[in-house]
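Trainee: Could we go through this model together? I would like to learn where its descriptive words come from.

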Amino acid sequence: MYYRYGKPEGGIGIDMGKAVYKMECPACEDMQVAVLMGGLGSRLKEQTAGCPKPLIPIHGKPFFEYEFMLLLQAGFKKFVFLVGYRANMIEEYFGDGSRYGADISIRYSYDGEKLLGTGGAVIRALPMLEENFMLLYADSFMDVDYFQIVYRYFAGKAAGRTALMTVMENGNRFDKSNVIYQGGEIKVYDKKNSTPDMSCIDYGIEVFSKEIFSSLAESAGEEAVDLADIQKKLVEEGKCTACEETRRFYEIGTPSSLAEFTEYAGRRFMESGGACFLDRDGVINEIVYNEDTEQLDSPLAVSEFTFLPGAVEGLKKLYESGMMLFIVSNQPAAAKGKTALSALYDINVHMIKELQKEGIEVAEAAICPHHPVGSGKTKESFLIRECDCRKPKAGLLLGIMKKYNIDPGRSYMIGDSYTDMLAGRKAGVKTAFAGDYKCDVCSRLAYIKPDITGRNLAEIAQMIVESKG
């Protein structure tokens, strides 16, 4: 999920080993987005004979507009479109961005008569690019947590790195693997020479410091420059941070992949279905003992994460019944200074990948990392703020419902606290309470008694599936 984060004065100190670095305040609204959209689409001759790839119609809407709406919902406002083939049609459709909002701006950088490759297109756009910019491709649909990418980029930059690459463990699915990714680091990236030990792929979203391309501009001249060569060198020099993604991407480079996205978009955007919104700690995974605070707490590291009995069974039953699964969880540990936000993201990545091994797909894992007051130990102070996503507010659920075509009448909020029940009611979905139905919870729930109660997720899942008839 994507939320706008408050920006304190000065920056944020973060631990990277023994050193403490000054981190710029991450915010999607401040990050410029450059979009490569100059390709000819030669493998889509029938569709691109009179239309550039980004404008290929999918259910009455240009393909790239699906991705563009995700970027706008994430909070991005500043765009540079790197255009070439039938650029006039793209500019005519998207214009200067003002029809999407008064504060949205789109500028255009045009390919010259001689095509200079993906890296060359970025170099040509340098006069329009800001100090830091995100780069992605207009022929791909990538529904990810964009704030996490921005956050991880600036955390890496604070430690002296100048780029970020998103990666996904794909095992040669969707496209050929080209990355060796181990221990949170990209060890090898080579798009042109795949090896058997490569199990991950460059996902297609990058973030760069402008200085990378400024230093190349003079030496490149009028020679074509491949972006993949630039990225390979950055990895070899240890200058590239990683952000691991778990949700698959869609692209329209071939007729078969175009048909695949068309089918997916029909299900996601044209059909209405039921969903289960699930709290995480105490519903899916065990609560752990925190030795520092001497209290029970959420896991603060991947090593502390353990599924509760019945959790995987219940999730599988819900998923196989056709329900979409969304994790919606308050995770204020980083705001309280107990750990870094990156560790909280890592735990969710681990959880989702373990569930994928069981044939279970979580559509999205959304966290509220905020806390209204924080603590004296807080390092990532941009997380201290009042927000609309911290349950019992319904922001996490409503944000997801805005992105997906979900029928509230066929959906549930499953949790183990009264805040979960309140959030579910505010979002207009049914509620299910997991665990021992304690008296203190009963008194707080008052007139909003859950629709379903069960000892664990497996029991609740069985009741939900049976109620579907």
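Mentor: Happily! Let's begin with a term: a crossing is left-handed if the near helix is turned anticlockwise from the far one by less than a right angle. Helix α5 passes α10 in just such a left-handed crossing. Do keep in mind that this is a predicted model.

Trainee: Why are α5 and α10 called oblique to each other?

Mentor: The axes of α5 (residues 146–158) and α10 (residues 341–357) cross at roughly 135°. Angles over 145 degrees count as roughly antiparallel and 65 to 115 as roughly perpendicular, with the rest oblique apart from those under 35. The pair is therefore oblique.

Trainee: Which residues make the contact of α5 with α10?

Mentor: On the α5 side they are Phe 147, Gln 148, Tyr 151 and Arg 152, and on the α10 side Leu 341, Ser 342, Tyr 345 and Asp 346. By class, that contact has four nonpolar, two polar and two charged residues.

Trainee: What lines the largest pocket?

Mentor: The pocket has a volume of about 1200 Å³. It is lined by 44 residues, and the closest to its centre are Lys 53, Thr 118, Tyr 137, Asp 139 and Lys 191. The lining has 17 nonpolar, 15 polar and 12 charged residues.

Trainee: What makes His 59 worth a look?

Mentor: Most residues other than glycine have a negative phi. His 59 is not a glycine, yet its phi is positive, at about 55°. You can find His 59 in the loop between β4 (57–58) and β5 (61–62).

Trainee: And which peptide bond is cis?

Mentor: The one from Lys 391 to Pro 392, with omega near 25°. Pro 392 sits in the loop between β20 (364–368) and α11 (395–403).

Notes. Residues numbered from 1 in each chain as written. Predicted model: local features only at pLDDT ≥ 70, side-chain atom pairs only at ≥ 80, totals over all residues. Heavy atoms only, no water. Axes fitted to C-alpha atoms, helices over the stretch in contact; angles between N-to-C directions. Helix = DSSP H or I, 4+ residues; strand = E, 2+ residues; numbered from the N terminus. Contact = heavy atoms within 4.5 Å. Nonpolar A, V, L, I, M, F, W, Y, C, P; charged D, E, K, R; others polar. 1 Å grid on protein atoms, 1.4 Å probe; cavity = no way out; pocket = protein on both sides within 12 Å on 5 of 7 lines; lining within 4 Å. Points joined across faces, edges and corners; volume = space filled by probe spheres on them.
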